[in-house]
Amino acid sequence: MTKQRVALAFTACLLISAAPSCFWAQARAGGQGASTGASSVQPGGQPQGIGSGSQQDRRPGQATRTGANNPPPNGQPATTTTTTATGQASDAQPGQGSSEREGPSEASDRAGASKHRPDSWMSAPNTWATFNGDLKAQKFSSADQITRDNVKNLHKAWEYHTGDVSDGSGDKPMTVWSATPLFVNDTLYLGTPFYKIIALDPGTGKQKWKFDPHAVLKALTQPDLKNRGVAYWQAENPQAGVACQKMVYIGTMDAKLYGVDADTGKPCQDFGQHGMLDVNQWNTANAKWPLSLLQPPTVYHDTLFLGWAGKDWAYEQAPPGTVFALDARTGKLKWTFHALTDEAAQHSGTSNVWASMSIDPDRGLLYVPVSSPSPNFYGGDRKEKIPLATSVTALDANTGHVVWSRQLVHHDIWDLDANAAPTLIDVEKDGKTIPALVETTKQGFLFVLNRETGEPIYPIEERPAPKSDVPGEEASPTQPYVATPTPTIPDEWPGVFPLADWISLGGCSRQAKKFRYDGRFTPPSLQGTITYPPTTGGTEWGGGAVDPRTGVFVVNSSRVVQIYRLIKRQHYQQQAQNGESSGYYAQEGAPYGFQLETFLNWAGMPCWKPPYGTIAAYDLKTGKRLWNEPFGEVQKYGFYMPDSWGSVSIGAPVITQSGLIFIGASMDSRVRALDLKSGATLWSSLVDAPAVSMPAIYNYRGTEYVTFAAGGNSILLPKVSDQVISFALPH
């Protein structure tokens, strides 16, 4: 059917369809949340010995290190020596932007370390060697064969189907496939939501080999089977004829990490136990669930940096957030980063790192986006300072020590996790070259920081925030606010959409009047709070992309309104006994359960005004927004809504040297090429399901390929696939 551009078509679509089956009825976050104030911890303390498995005297940002003379055997708990970040976290005062800085001795140690350099195989041109393209998470390709002038001629070069897909109707949960293909070692590597690794010929899509770990295919921590791909490592000087000099890794929902030979797909016998490392051996506190390994590890030199995901919104006490540094060859534990204080870990949990990470290979710094502590929507039982929660934190990659940390939300009670790898870029500003990073957020703020110190390049204000009216809760009196660059989301919620209100006979307006709303950071309430932006963002785990030559930064963002409602425990239990379950989350152990609803009318139509999604470009040298356009289209049963409405999106853009932006991400199952100068769509193609991943862009034997995994995500649409599709210009 041709595109229908009138409101009547939308009304018909809603009346005919069960619209709640699409995003509007299912929007949820993908990870945990975090809390605290903008804080400072200065590493540099003396090593202290602790017993095996002990968490004695652990402080926020502490890294426990495996002793060099007594490495733990694979599969055994680590006996550790502990290096602790000394100095207590200090509260940020309004108007100040304090950050955590390293001690001078550590700075000189790192500056003199000759090993702080990029891996040669990862920095080779025309590769796509990591989830984000490179360690700096720039999502930039030097490919220039496809240009603004010829992109209209792109066609399908090849297509491959993994066979690993489920719509949830059988004995397997629905699949969510957000894998970025990796192009390295003259091979295209993929991970699947059944936790298999597949190696393809990058020019034809022909399968080279497949590894099947026969993983447990159950929704242990997530509602769906999820995978965001694989990681690759190789020795600096691979020895010919020796196995596992090049390796590929994949994690599973039940906390298994597999390492296989990149050329053959055979398990590496020296990694873990014959190719499998059980990461759950380190899940020793509040072990309510396995440490799900859905995001591939970050690889730097001979180390894997591994975070994990958990079960959202279910418990007050949960596994405390950690990042593990592992030997890439053996899986042996080098050090563990702890995000929570000892006090908080006793009655809270999470503040884990479930998203990807980035690395400054020249400085040896690892940047981790830390999520919020549990329970995510009530903080009355965790009022103490948790300085590293909901933060972007820089760690020494060799030791795990905190170098600096910048808190993005104080006392987070909205599940506003730091949820994307910071993008690293050198910014030319006021005649100086500043080593910078850009952290996108669910709030729509772009935090542009000096990546050596954590200090803001553009001002961060502490603005007054609304008080909580929930008994027992104490919301933070201020919250960080970034005015420049302009947030991707306006400060005020869009207001009631007249068309949705008309269809609901005024229902949207009547509901809006019942809810609490006092602007950004309105706390969850017993009556229900209009939350904008909510846990869905804003910007999700893909983050943004940057052209390092010009400093132009591009990011897609969603505009969603949700209702947060806390429910007293006795009432929550009664509702559960009555069979009410949709949108209800227990927060077991807290005095309140929680209900989350997307603000819809009876027909499943958004009660707030469009647009529902945008994509924007910024000049990082000035902070100026260059353009801002609705992105994607809402589609149901062949009806397409107006372009001006945009679409909620999950995924991220990639920029090419020729001035193009390639992106999937939208609800309408299209992949697109946009003009970097204007945001105009220059090319698009329909794929089997929403491509909720980043494309891999690479040159292979003289041809530039743009390759997507089009797997779908039930948050956007109940439409899934196992399609890998690659586009190129005609020969």
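**Exercise 1. Place the disulfide of C244 in the chain.**

Task: Is C244 buried or exposed, and which parts of the chain does its disulfide tie together?

Solution.
1. C244 has a relative accessible area of 15%. Buried means under 20%, so C244 is buried. The model in which this value is computed is a predicted one.
2. The partner is C268, with the two sulfur atoms 2.0 Å apart. C268 is buried as well, at 2% relative accessibility.
3. The angle about the S-S bond is -105°, and the link of C244 and C268 is left-handed.
4. C244 sits in the loop between β12 (231-234) and β13 (246-251), while C268 sits in the loop between β14 (256-261) and β15 (276-278); the pair therefore ties together parts 24 residues apart in sequence.

**Exercise 2. Treat the disulfide of C508 likewise.**

Task: Find how many disulfides the structure has, and describe the one formed by C508 and C607.

Solution.
1. Searching the whole structure gives two disulfides.
2. In the pair C508 and C607, the sulfur atoms are 2.0 Å apart. About the S-S bond the angle is -70°, which is left-handed.
3. C508 belongs to helix α6 (residues 507-514) and C607 to the loop between β34 (592-598) and β35 (613-619), so this link ties together parts that are 99 residues apart in sequence.
4. Both ends are buried: C508 has a relative accessible area of 0%, and C607 has 1%.
5. Counting bonded cysteines along the chain, the pattern is 1-2, 3-4.

**Exercise 3. Compare the surroundings of salt-bridge partners.**

Task: For the salt bridges D171 with K172, R463 with E461 and R516 with D518, state the N to O distance and the exposure of each partner.

Solution.
1. D171 and K172 meet at 3.8 Å, N to O, and the cut-off is 4 Å, so the pair counts. D171 is exposed at 71%; K172 is partly exposed at 28%.
2. In the bridge of R463 and E461, the closest N and O atoms are 3.1 Å apart. R463 is partly exposed at 32%, and E461 is partly exposed at 32%.
3. For R516 and D518 the closest N and O atoms are 2.7 Å apart. R516 is buried at 12%, whereas D518 is partly exposed at 47%.
4. Elsewhere, shared partners link D360, R363, D426, R451 and E452 into one salt-bridge network. The structure holds 22 salt bridges.

**Exercise 4. Summarise the chain.**

Task: What share of the residues is buried, and how many helices and strands are there?

Solution.
1. Of the 731 residues, 67% are buried.
2. The chain has seven helices and 45 strands.

Terms used:
Residues are numbered from 1 along each chain as its sequence is written. This is a predicted model: local features need pLDDT of at least 70, side-chain atom pairs count only at pLDDT 80 or more; totals for chains, interfaces and linings use all residues. Side-chain values use heavy atoms; hydrogens and water are left out. A salt bridge is a side-chain nitrogen of Lys or Arg within 4 Å of a carboxyl oxygen of Asp or Glu. Buried means under 20% relative accessible area, exposed over 50%, partly exposed in between (1.4 Å probe, protein chains only). Helices (H or I, at least four residues) and strands (E, at least two) are DSSP runs, numbered from the N terminus. A disulfide is a pair of cysteine sulfur atoms within 2.5 Å.
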